[in-house]
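Reader: I am new to this structure, and I would like to understand how its pockets are described and on what grounds.

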Amino acid sequence: MKQTTFSSRLAYYRKRAGLKQEELAVQLNVTPQAVSKWENGSFPDGTLLPKISQILGVSLDILFGLKDEEPEPDYLQEYMKKLSKLEEAERTEQAVELFYRFLCAYDRNIQPHQVRFPENPPRVIYAHLRSDSALGLMRLNSDMQFFTFVKIPEKGVGSYAKISERMLDLFRLLSDENALKLITFAESLPRDYILTMESFSRHLQIPEKEIRRIVTDCIHLGIIWELKADFGGTIHNTYGYVHSVPLTTILVLSEALINFIANCEPDIDIWKKGAFRPASESDKDK
């Protein structure tokens with residue numbers, strides 16, 4: 001609906017900014033009653049107008065009806081342009097803060113202007129989200145920061161993450177100490193680095209027979225790929241690690257799993273249905 005007066009436009013853009021009258025009053029260092037009067041026909045002191053314009057993100061010409069309302073800007077597109085101009089390290093820092101704000105937005109009691117990314121927290125702290133439509137977890141400490149987000153399908157996570165023989169093979173592999181040593185060693189290698197069974201054995205101080213068993217299992221799961229190389233007429237089997245993002249993420253998340261997560265800010269727990277809910281239960285709730 002088109003707003004035609006200063007009072008109605010002030011109220012409209014205040015609400016669009018996600019501010020209550022009391023919150024706008026605090027930022028302007030006036031009383032809530034003053035804001036209420038402005039929205040019911042009176043006008044603020046002229047010295048406050050530039051700050052009102054800045055807080056609400058709207059020009060004074062629009063607030064006073066001298067110009068038609070401008071189209072809603074595409075904030076995501078503008079933010080992407082800003083990110084693309086940053087160096088990689090700075091872009092990563094911006095992404096971490098953006099993900100934190102994204103999780104906080106699920107709590108309707110948190111106002112956008114109240115969100116501050118915690119710097120150097122004295123204890124290990126996470127941001128946690130569990131709703132009927134999404135799961136989110138973020139570690140905030142600077143020694144290791146990560147963000148994971150799962151949009152829950154209508155039929156539940158179990159409709160995708162099904163127990164299968166290959167899944168069981170993966171967890172059997174990850175329960176093997178020597179296999180974990182090989183995977184974490186391979187993950188530390190440069191891109192396109194090639195090894196032989198002998199070089200794996202030498203680096204890890206694990207018998208070559210054991211290395212062969214682990215590498216065979218890794219090839220089966222797509223974690224390592226095999227390549228034949230011709231050295232002076234002699235064919236040798238060589239192996240490369242795929243540097244799998246999902247596998248690295250599993251290892252990172254496992255640390256969060258085995259160490260009880262005690263401190264979450266925010267801790268958003270607004271779910272009623274289990275994430276692995278079967279389709280039949282989902283249908284009953286509709």
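Author: This is a predicted model, and a good place to begin is the lining of the largest pocket, whose residues divide into 26 nonpolar, 6 polar and 1 charged.

Reader: How much space lies in the largest pocket, and which residues are the closest to its centre?

Author: The space in the largest pocket comes to about 1500 Å³. Among its 33 lining residues, Leu135, Thr148, Val150, Ile250 and Leu253 are the closest to the centre.

Reader: What makes Leu135 count as nonpolar and Thr148 as polar?

Author: Leu is on the list of nonpolar residues while Thr is on neither the nonpolar nor the charged list, and therefore Leu135 counts as nonpolar and Thr148 as polar.

Reader: Which element gives the most to the lining of the largest pocket?

Author: That element is α12, with 9 residues; α12 (245-258) is one of the elements that each supply at least two residues there, and the others are β1 (126-131), β2 (134-139), β3 (146-151) and α8 (165-174).

Reader: How do the residues that line the second largest pocket divide?

Author: They divide into 12 nonpolar, 4 polar and 7 charged, in a pocket with a volume of about 720 Å³. Of its 23 lining residues, Ala17, Tyr75, Arg101, Pro112 and His113 lie nearest the centre, and two or more lining residues come from each of α1 (6-16), α6 (75-84) and α7 (88-104), with α7 giving the most, 5 residues.

Reader: Why is Arg101 called charged?

Author: Arg stands with Asp, Glu and Lys in the charged group, so Arg101 is counted as charged.

Technical notes:
Residues are numbered from 1 along each chain as its sequence is written. This is a predicted model: local features need pLDDT of at least 70, side-chain atom pairs count only at pLDDT 80 or more; totals for chains, interfaces and linings use all residues. Side-chain values use heavy atoms; hydrogens and water are left out. On a 1 Å grid over the protein atoms alone, a cavity is a set of points where a 1.4 Å probe fits but cannot get out, and a pocket is an open set with protein on both sides within 12 Å along at least five of seven lines; lining residues have an atom within 4 Å of a point. Grid points are joined across faces, edges and corners, and a volume is the space filled by probe spheres set on the points. Helices (H or I, at least four residues) and strands (E, at least two) are DSSP runs, numbered from the N terminus.
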